[in-house]
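Visitor: Could you take me through one part of this protein at close range? I would like to look at the charged side chains that pair up, and then at what lies around them.

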Amino acid sequence: MVFGIALLVISIGAIAAGRGYTATARRMRSFATTRGTVLEKRAITVPGGDTREGALGSGGGYQPYVRYAYEVGGHAFENDKVSYALRGMKRSLVEDRLAAWPDVVQVHYDPADPSVAYLQTHTASTGRWFIIGGTIGAVLGVLIAVGSQL
């Protein structure tokens with residue numbers, strides 16, 4: 001029963017995260033773009049991330065940090081948001097991506113609030129997978145919890 005309840009709670013969290021991700025991805029469709037200038041770029045650790053790296057795969061505890069300046073409607077802005085979602089990668093992969101990053105970038109910003117900006121936009125597909133997986137997990141959690149009571 002405890003496992004079923006834990007699975008249900010985790011699944012509800014996945015559904016909530018998926019809904020937030022899809023809502024942000026939909027909002028990003030209306031973002032405008034402008035040119036920005038990279039001020040700083042370096043590899044940083046993912047908040048709470050483990051910096052140990054395995055031999056296989058691309059996962060790790062690092063992410064790119066890019067601080068950039070851009071202008072919208074005569075107002076200057078600075079931001080350091082590369083992406084809405086955090087994704088840990090191996091340090092070597094992050095450093096390769098940073099080395100390839102140009103000094104002039106395309107900044108995607110919210111026309112309603114130009115201080116909200118990202119260098120990468122997202123599609124809703126990842127959020128949908130969280131919702132689908134969370135729904136399946138929630139159903140299984142309920143079935144496990146109810147089944148253990150019988």
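Guide: Happy to. Let us start with a network of salt bridges that links Glu40, Arg42, Arg67 and Glu78. A salt bridge here is a side-chain nitrogen of Lys or Arg within 4 Å of a carboxyl oxygen of Asp or Glu. Before we go closer, please keep in mind that this is a predicted model, where local features need pLDDT of at least 70 and side-chain atom pairs count only at pLDDT 80 or more, while totals for chains, interfaces and linings use all residues. Residues are numbered from 1 along each chain as its sequence is written, and side-chain values use heavy atoms, with hydrogens and water left out.

Within the network, Glu40 forms a salt bridge with Arg67, and their closest N and O atoms are 3.3 Å apart. This pair links distant parts of the chain, with Glu40 in strand S1 (residues 32-45) and Arg67 in strand S2, 27 residues apart. Helices (H or I, at least four residues) and strands (E, at least two) are DSSP runs, numbered from the N terminus. Glu40 is partly exposed, with a relative accessible area of 25%, and Arg67 also counts as partly exposed, at 26%. For these labels, buried means under 20% relative accessible area, exposed means over 50%, and partly exposed is in between (1.4 Å probe, protein chains only).

A search of the whole structure finds five salt bridges. One of them joins Asp110 and Arg27, with the closest N and O atoms 3.7 Å apart. Asp110 lies in strand S4 (residues 104-110) and Arg27 in helix H1 (residues 2-28), so this pair ties together parts that are 83 residues apart in sequence. Asp110 counts as buried because its relative accessibility is 11%, whereas Arg27, at 36%, counts as partly exposed.

Helix H2 (residues 91-100) offers another pair to look at. There the side chains of Glu95 and Arg91 meet in a salt bridge (2.9 Å, N to O). Glu95 and Arg91 are four residues apart in this helix, so about one helical turn separates them. Glu95 is partly exposed at 39% relative accessible area, and Arg91 is partly exposed at 35%. Ser92 lies in helix H2 as well, and it is partly exposed, with a relative accessible area of 39%. The C-alpha atoms of Ser92 and Tyr62 are separated by 9.1 Å, although the two residues are 30 apart along the chain.

Strand S2, where we met Arg67, also takes us to a pocket. Strand S2 (residues 62-72) gives the largest share of the lining of the largest pocket, three residues. On a 1 Å grid over the protein atoms alone, a pocket is an open set of points where a 1.4 Å probe fits, with protein on both sides within 12 Å along at least five of seven lines; lining residues have an atom within 4 Å of a point. The largest pocket has a volume of about 420 Å³, a volume being the space filled by probe spheres set on the points, which are joined across faces, edges and corners. Of its 16 lining residues, Val82, Ser83, Ala85, Arg87 and Gln120 are the closest to the centre.
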